[in-house]
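User: I'd love to go through this structure with you, one question at a time. Could you walk me through the reasoning as we go?

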Amino acid sequence: DIPLSRPDTCVSSGWWMNNIVLKISSYLTQCDSAYEHIRRRSEAIMEQEINLAMHLAVGYILLDMPRSDKIYNFAAVLNRYLSNPTLQQKFVIRLTVPEEEKEAEKLYQKYLELKQLCEYPIMLSVCLSFSGELQIPD
């Protein structure tokens, strides 16, 4: 077998599946941009990164929740992969929870919308990242 790319030769396949998480930056996932050229480029980059993760047999793919209020195209790209019954990768959506409660609730509602648009797949999980001091109610 000839390696298809340099990462194929860096570590064994078991390491890719069990010990490596591929992270796709939120700067690359602007699939719902108002600008068509940004939207198309983001979709292509996101698909390319996911395909590389699948080729390397990475077990987990971490994506930041898009900054845009709209997530329809982002969900459509994800759903192309999540609807594949042979998919072995798990997608994890990182939510950076803001300090303000209303903003945190809005973010969570967006995550619930994403799950609904993707038809509640079991291969989609959430990772919470807290950005500052948490307010503990008395």
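User: Is Asp69 buried or exposed?
Analyst: Happy to help, and please keep in mind that this is a predicted model. Asp69 has a relative accessibility of 55%. The cut-off for the top class is over 50%, so Asp69 counts as exposed.

User: Which residue does Asp69 meet in a salt bridge?
Analyst: Asp69 sits in the loop between S2 and helix H4 (72–82). Its partner lies in helix H5 (residues 101–117), so the pair ties together parts that are 37 residues apart in sequence. That partner counts as partly exposed, at 44% relative accessibility. With 3.7 Å from N to O, the side chain that meets Asp69 is that of Lys106.

User: Thanks! Which residues are linked with Asp64 in a network of salt bridges?
Analyst: Let's take the two pairs in turn. Lys23 and Asp64 form a salt bridge, with 3.0 Å between the closest N and O atoms; Lys23 lies in strand S1 (residues 21–24) and Asp64 in strand S2 (residues 60–64), so parts 41 residues apart in sequence are tied together. Asp64 also forms a salt bridge with Arg94, where the closest N and O atoms are 2.7 Å apart, and this pair links S2 to strand S3 (residues 90–97), 30 residues apart. The residues in the network with Asp64 are therefore Lys23 and Arg94.

User: How does the accessibility of Asp64 class it, as buried or exposed?
Analyst: Its two salt-bridge partners make a nice background here: Lys23 is partly exposed at 39%, and Arg94 counts as partly exposed at 25%. Asp64 has a relative accessibility of 9%. Buried means under 20%, so Asp64 is classed as buried.

User: What is the order of the strands in the open sheet?
Analyst: The sheet has four strands with parallel pairing. S1 and strand S4 (124–130) stand at the edges with a single partner strand each, so one side of each has no neighbour in the sheet. Neighbouring strands are turned by 25° against each other on average, direction ignored. Reading across, the order is S1-S2-S3-S4.

User: Which residue in S4 is the bridge partner of Arg94?
Analyst: Arg94 belongs to S3, and S3 pairs with S4 in the parallel sense over seven bridges. In S4, the bridge partner of Arg94 is Cys127.

User: Which strands does H3 lie across?
Analyst: H3 covers residues 36–56 and runs at about 175° to S1. H5 packs on the sheet too, touching S3 and S4, and its direction makes about 165° with that of S3. As for H3, the strands it lies across are S1, S2 and S3.

User: Which residues does Ser42 touch, not counting residues up to four places away in sequence?
Analyst: Ser42 lies in helix H3, and at 5% relative accessibility it counts as buried. Leaving out residues up to four places away in sequence, Ser42 touches Leu28, Thr29, Gln30 and Cys31.

User: Stepping back to the whole chain, how do its elements run from the N terminus on?
Analyst: The secondary structure comes to five helices and four strands. Of contacts between residues at least 6 apart in sequence, 76% join residues at least 24 apart. From the N terminus on, the elements run α-α-β-α-β-α-β-α-β.

User: One last one: what percentage of the residues count as buried?
Analyst: The protein exposes about 9100 Å², and carbon and sulfur atoms supply 52% of that area. Of its 138 residues, the share that counts as buried is 34%.

Notes:
Residues are numbered from 1 along each chain as its sequence is written. This is a predicted model: local features need pLDDT of at least 70, side-chain atom pairs count only at pLDDT 80 or more; totals for chains, interfaces and linings use all residues. Side-chain values use heavy atoms; hydrogens and water are left out. Helices (H or I, at least four residues) and strands (E, at least two) are DSSP runs, numbered from the N terminus. Buried means under 20% relative accessible area, exposed over 50%, partly exposed in between (1.4 Å probe, protein chains only). Contact means heavy atoms within 4.5 Å. Accessible areas come from the Shrake-Rupley method with a 1.4 Å probe; for residues, only the protein chains shown count as cover. A salt bridge is a side-chain nitrogen of Lys or Arg within 4 Å of a carboxyl oxygen of Asp or Glu. Two strands pair if DSSP finds at least two bridges between them. Axes are lines fitted to C-alpha atoms, for helices over the stretch in contact, and angles run from 0 to 180 degrees between N-to-C directions.
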